[in-house]
Amino acid sequence: MDDAVLVTRTSVPEFAAFSVMLQEIFASGWLTNDGKWVRQLESALSDYLGCPQLIVCNNGTTALMLALHCAGLRGKKVAVTAYTYVATLSAILWMGCTPVFVDVDPQTLRMSPDSLARAFANHPDIAGVLPVHIYGLACDDQALSALCREHHAALIYDAAHAFGSTYQGRSLLDFGDYSICSFHATKLFHTVEGGCVVAHSEQAREKLTLARAFGHRGDTHYTLGINAKMSELHAAMGLCLLPRIATEIAQRRALHAVYDEALAGVPLLRPRSAAGLDWNYAYYPVLLPDGAALKRVFASLAAENIHPRRYFYPALTTLPYVQQWQRPCPVAEDVARRMLCLPLYGGLPAQTARHIAAVLGAQVLG
Ligand SMILES: *Cc1c(COP(=O)(O)O)cnc(C)c1O
């Protein structure tokens with residue numbers, strides 16, 4: 001698999017730079033529990049994102065659980081987009097919430113405000129809404145937040161793909177009552193495993209910090225907590241990688257232009273962006289004409305050891321363990337069958353991207 005081309009390739013810092021940090025961490029003997037490096041990463045991320053009330057944690061799934069907990073949504077009804085990675089849904093289920101599936105807009109693939117309005121009409125007790133800035137593209141925040149205000153529901157954005165995207169001049173992580181991000185190794189910015197929650201008040205940040213570490217300080221227990229702490233080693237990885245993020249985004253933007261040009265004559269749909277978005281170019285999603293074309297493209301690329309990913313398949317409404325909450329989401333179900341994300345990462349050679357586009361074009365055009 002040495003020369004395999006995968007959908008992404010994890011950025012790895014210079015070993016020497018990382019090992020200088022590791023030496024200091026080893027010498028201190030302080031490996032976790034709100035240490036110096038976690039605090040330094042929180043401060044660096046707050047500055048980079050312009051989000052002062054941010055906490056880091058051990059992954060994006062627990063980030064979602066912390067946000068749901070702090071928004072008071074445990075056990076309540078939560079409206080969730082049907083087109084996303086499974087972790088968006090699993091966090092809801094682990095919190096004992098009841099999911100109400102909401103379909104996506106066929107042009108944007110983000111949560112459809114019309115479909116959310118219908119969900120509110122059928123389920124007036126929806127207490128929280130969880131849309132996803134899929135592929136780092138911005139949801140229609142104006143429409144979604146107006147609906148949430150009208151129905152007194154909390155708005156939590158899964159911004160796992162949105163690191164480095166800005167919308168209307170602000171980080172996409174700055175929207176909603178809470179936003180979460182994943183810092184998993186497959187994401188644009190990572191700490192191997194990790195994540196963050198962005199809140200908007202000192203009190204909310206304090207609540208998140210407590211809940212992240214068992215809900216107590218010393219012998220005083222304030223609230224139900226969990227262990228969602230990030231270690232000092234993971235924080236150091238993030239601090240090594242953060243300065244490289246602008247370069248990574250620029251390289252991905254350049255590869256987007258290569259794919260765009262090479263695929264110009266191929267009838268593929270791409271999710272529409274939003275006015276006011278400065279995109280992070282994290283993914284290159286293409287919607288194929290049908291499932292058969294997808295299988296042909298997949299097979300002909302696999303034969304050359306090139307492996308795009310079906311981000312995201314299957315649609316969440318079809319999972320076996322959510323059938324009691326079934327609610328048809330035809331757009332999500334259709335898109336999930338035809339969507340492929342092409343290989344994309346800073347170090348991908350432009351000629352490989354052109355070759356992938358040529359193979360794809362040949363299969364689609366027949
Ligand atoms: C990656 C991802 C998550 C989960 O993040 P982890 O850090 O892997 O737990 C949640 N939602 C979406 C949309 C993701 O892509």
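## Exercises on a predicted model

The largest nonpolar core holds 109 residues, and of these Tyr 83, Val 129 and Tyr 135 touch the most other members. Helix α3 (residues 60–70) is the element that gives the most to this core, with seven residues. Apart from it lies another core of 26 residues, which includes Leu 340, Tyr 345, Ile 356 and Leu 360. The model is a predicted one, and the exercises below should be read with that in mind.

**Exercise 1.** Determine which residues Tyr 83 touches, leaving out those up to four places away in sequence, and then place Tyr 85 by its loop and its accessibility.

*Solution.* Step one concerns Tyr 83, whose contacts include Val 104, Leu 109, Ile 134 and Tyr 135, and also Tyr 311, Phe 312, Ala 332, Val 335, Ala 336 and Met 339. Step two turns to Tyr 85, which sits in the loop that runs between β3 (77–81) and α4 (86–94). With a relative accessibility of 45%, Tyr 85 counts as partly exposed, because that class lies between the limits of 20% and 50%. Step three lists the contacts of Tyr 85, which are Phe 312 and Leu 316 once neighbours within four places in sequence are set aside. As a check on distance, Tyr 85 and Gln 351 are separated by 266 residues in sequence and by 30 Å in space, C-alpha to C-alpha.

**Exercise 2.** Describe the sheet of seven strands, giving its strand order, its edges and the helix α7 that packs on it.

*Solution.* The sheet is open, its order is β2-β10-β9-β6-β5-β3-β4, and its pairing is mixed. At the edges stand β2 (54–57) and β4 (98–102), each of which pairs on one side only. From one strand to the next the twist averages 25°. Within this sheet, strand β6 (residues 154–158) and strand β9 (residues 178–182) run parallel and are joined by three bridges, and Tyr 157 stands opposite Ser 179 in β9. Finally, helix α7 (residues 202–212) packs on the sheet, where it touches β2, β9 and β10 (195–198), and its direction makes about 15° with that of β2.

**Exercise 3.** Is Ser 179 buried or exposed, and which backbone oxygen atoms lie by its side chain?

*Solution.* Ser 179 belongs to strand β9, and its relative accessible area is 0%, so it falls under the 20% limit and is buried. Its side chain reaches the backbone oxygen of Phe 175 at 2.7 Å, while the backbone oxygen of Leu 173 lies 3.4 Å from a polar atom of that side chain. Not counting residues up to four places away in sequence, Ser 179 touches Tyr 157, Ala 159, Leu 172, Leu 173, Cys 196, Val 197 and Val 198.

**Exercise 4.** Work out why β8 and β13 each have one side without a neighbour in their sheet.

*Solution.* The starting point is an open sheet of three strands in the order β8-β7-β13, with antiparallel pairing. Since β8 (170–171) and β13 (277–278) stand at the edges, each has a single partner strand, and therefore one side of each is left without a neighbour in the sheet. Strand β7 (residues 166–167) is joined to β8 by two bridges, and Thr 166 has Ser 171 as its bridge partner in β8.

**Exercise 5.** Identify the residues closest to the ligand and the polar distances from its oxygen atoms.

*Solution.* The ligand is surrounded by 14 residues, of which the closest are Thr 61, Asp 158, His 161, Ser 182 and Lys 187. A ligand oxygen atom is 2.6 Å from an N or O atom in the side chain of Thr 61, and a ligand oxygen atom is 2.7 Å from an N or O atom in the side chain of Ser 182. On the backbone, a polar atom of Gly 60 is 2.7 Å from an oxygen atom of the ligand.

Methods:
Residues numbered from 1 in each chain as written. Predicted model: local features only at pLDDT ≥ 70, side-chain atom pairs only at ≥ 80, totals over all residues. Heavy atoms only, no water. Core = buried A, V, L, I, M, F, W, Y, C linked by side-chain atoms within 4.5 Å. Buried < 20%, exposed > 50% of the residue type's maximum accessible area, 1.4 Å probe, protein only. Helix = DSSP H or I, 4+ residues; strand = E, 2+ residues; numbered from the N terminus. Contact = heavy atoms within 4.5 Å. Pairing = 2+ DSSP bridges. Axes fitted to C-alpha atoms, helices over the stretch in contact; angles between N-to-C directions. Near = heavy atom within 4 Å. Polar contact = N/O pair within 3.5 Å; in protein donor to acceptor, adjacent residues only side chain to side chain.
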